[in-house]
Amino acid sequence: MKRSLQLLLASTVVLLGVSVSAQLTIPEIAYDAVDPIKLPDNLYLGEAVGVATNSKGNIYVYTRTGNPAATLGTRRTFARNAARLFEFEPSGKFVREIGQDLYGFVFAHTVRVDRQDNIWVVDEGSNMVIKFDPAGRVLMTMGRKPEALIVPGGTQGAGGGGEGGPAPAAAGRGGAAQGPPPPVGAGVPGDNFNRPTDVAWDTAGNIYVADGYGNSRIAKFDKNGKYLKSWGSRGTAPGQFNIPHTLAIDAQGFVYVGDRGNNRIQVFDGEGTFKRQYVNVGAPSAICITPGPQQYLYASNSNPSTSMDNGEIYKMTLDGRILGKFGTAGKLIKEFGSVHEMDCRSETELYVGEITNWRVQKLTLKGK
Amino acid sequence: MKRFVQFLLTAAAVMLAATASAQPVPPRATAYATAPDIPYESVPNFLKLPPNIYLGEGIGVARNSKGHIFIFTRSGDTRLFQFDQNGNFVREIGQGLYGFEMAHGVRVDAQDNIWTVDEGTNMVVKFNPEGRVLMTMGRRPEAIEGLEPTATPVPPAEPYRFNRPTDVTWDPQGNIFVADGYFNSRVVKYDKNGRFIKSIGTRGTEPYQMNIPHSITADAQGNIYVADRQNRRIQVFDSNLVLRAIYDNVGAPWAVCISPGPHQYLFSSNSNPDNNNSLLAAVSGEIYKMELDGTVIGKFGKPGKQLGEFATVHAIDCRNPDELIVSEITAWRAQKIILKAQPPRSSSTK
């Protein structure tokens, strides 16, 4: 709730201060929407927080479903069960479940598919990024699931899961750096994530992880998962983040970070040098960049789950020029219920996963 | 995940508190002495469950236009079962659903859509007649946000967030009314597409105030009947949520239901307390049949565990006013109740 209030306030400020005049001139993009997903009788989507497609058009949905459960250990609490990964054909026909009962599936956040059709999930409950091969077997893991949950106010000491609080110290985590403490949100250099949110790759295959709610940084790894560097801390200055929530990389290797709590998209080069920011598209909960010679950036100013304000998606050039927008918050088909991830493998064919509507929509944009 | 623990802890605290304080025996409903008895019988062995399926607490019950029966039960998991009109098991709906944690109500609308209200996930979920999710309202708290101390003050009510909601109903235009609930003391009106229109109610005993709006139903004119349980009254509002009447003579309304058709009846259950304590059960447990204007026609039922007795009725389906389905918390069952023609008042006994 604190987050939504914060978002509301922040977006109000931005709307009033910057973008009202700009918005008046933004053309509306016509579009159609369908819910393509056809599930077997005994399966249901929960919150459709993650959606991605592969090169064949197969659709992957990473969803918060089931009954998130905590089991009680001796002065410890173990968490599981609020994430499942489903695969569908382009027609929406159910193919299979991947990673059933996986150790790293605790609280879903996003799924992405790389150029080789490997499937990557980011789980903010297990603090893990997991790479599956196209056949659905685990190829690589990043980060480690804490051995036990931190229970705020419980016997395991302070620390909060919520935004705005200090990063909780995960149980069983070692290797804290010596010397002066790093800036808040910079995290511990390395692979230990704190509620990570998204993953992306440059053309060389280097891996970038948005990390996330607890930390406020972007971490870079080589293609084999070896840590290279990270940048960012909590704050509002260029290069700082307040919930880096979504991540995309263009063909030149520039890194676009949806800095949701700061209502902006920040652009960096692959070494983390700040290049520019776009502050006129609301709170970017989800961004994606189309492939091909002419790339476009889509950004969703998603409505918080507690309101029906905003909800529109912007189409932009990579340098930040707004080409158009479409959509509003709502529960009907073609309306959006807190879009949490977008897939834009094509300029005119987008998939959106919605938190509150428990569904994926396939959007077909008309015109150019 | 941690929410579940929180809930257990909360429930434990509440139970402790309840048993520690002097157990108040509720007074008889004022209409009890004069309301004629309506003869009735319960159909034996009505619901037929497969060997591997059990009901837990019979929290919600509703029928669709074909007479199929939906039971929303607090079982190992909260589960939603469908039976045909003869009580034969048809299927389970929503297995493992993210919106199922602590069942509270199920209702079927005029288009045979099935609506569940879950006070554990704070969600209202609309299924189409085939059992697929059409719309969700409210949002399950994020497990990742962790355990909330049980002493945390209740946050202010918000348009799109419930706090232990209890029930849902609709006016003839399809506007949605949610009773919300244990922690918020209000009724919230949405349009048929789930957009917030207005909300009334705060906690208290004055008109428009509520103390656990526990059940809600509507008549053909779109009047909304709110079972204000702890205030032991039914508040009747028009569909703009303007108060029209208060009925305070039928005890604590745990469950209310209005039958369809040209002559509508209001049923209200003055259920016995849900702690399964037979001492407390002695002064409640009956269901009242009323005219919509509040006139009591009669009563039936008594507390107990046997067939035809009621063990804390939590929901009533009255699609047929002479043939009710009632679900009970502590007996873990639903009964089919046949109401018989009322004898002349002079011959009523007891």
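Chain B has 350 residues, for which a compact globule would have a radius of gyration (taken over C-alpha atoms; the rule is 2.2 Å times the number of residues to the power 0.38) near 20 Å, and its value of 19 Å agrees. This is a predicted model, in which local features need pLDDT of at least 70, side-chain atom pairs count only at pLDDT 80 or more, and totals for chains, interfaces and linings use all residues. Residues are numbered from 1 along each chain as its sequence is written, while chains are lettered from A and ligands numbered from 1 in the order in which they are written.

**Chain B overall**

- The C-alpha trace of chain B spans about 65 × 45 × 45 Å along its principal axes.
- Chain B contains one helix and 24 strands (DSSP runs numbered from the N terminus: H or I of at least four residues for helices, E of at least two for strands).

**Core**

- The largest nonpolar core (buried Ala, Val, Leu, Ile, Met, Phe, Trp, Tyr and Cys residues joined through C-beta atoms within 7 Å) has 167 residues.
- Strand β18 (residues 253-258) of chain B gives the most to this core, with five residues.
- Among the residues with the most contacts inside the core are Tyr298(A) and Ile316(B).

**Leu339(B)**

- Leu339(B) lies in strand β24 (residues 333-339) of chain B.
- Leu339(B) is buried because it has 20 C-beta neighbours inside 10 Å (buried means 20 or more other C-beta atoms within 10 Å, exposed 12 or fewer, partly exposed in between, with C-beta atoms placed from the backbone).
- Leu339(B) and Ile38(B) are 301 residues apart in sequence, yet their C-alpha atoms are 6.9 Å apart in space.
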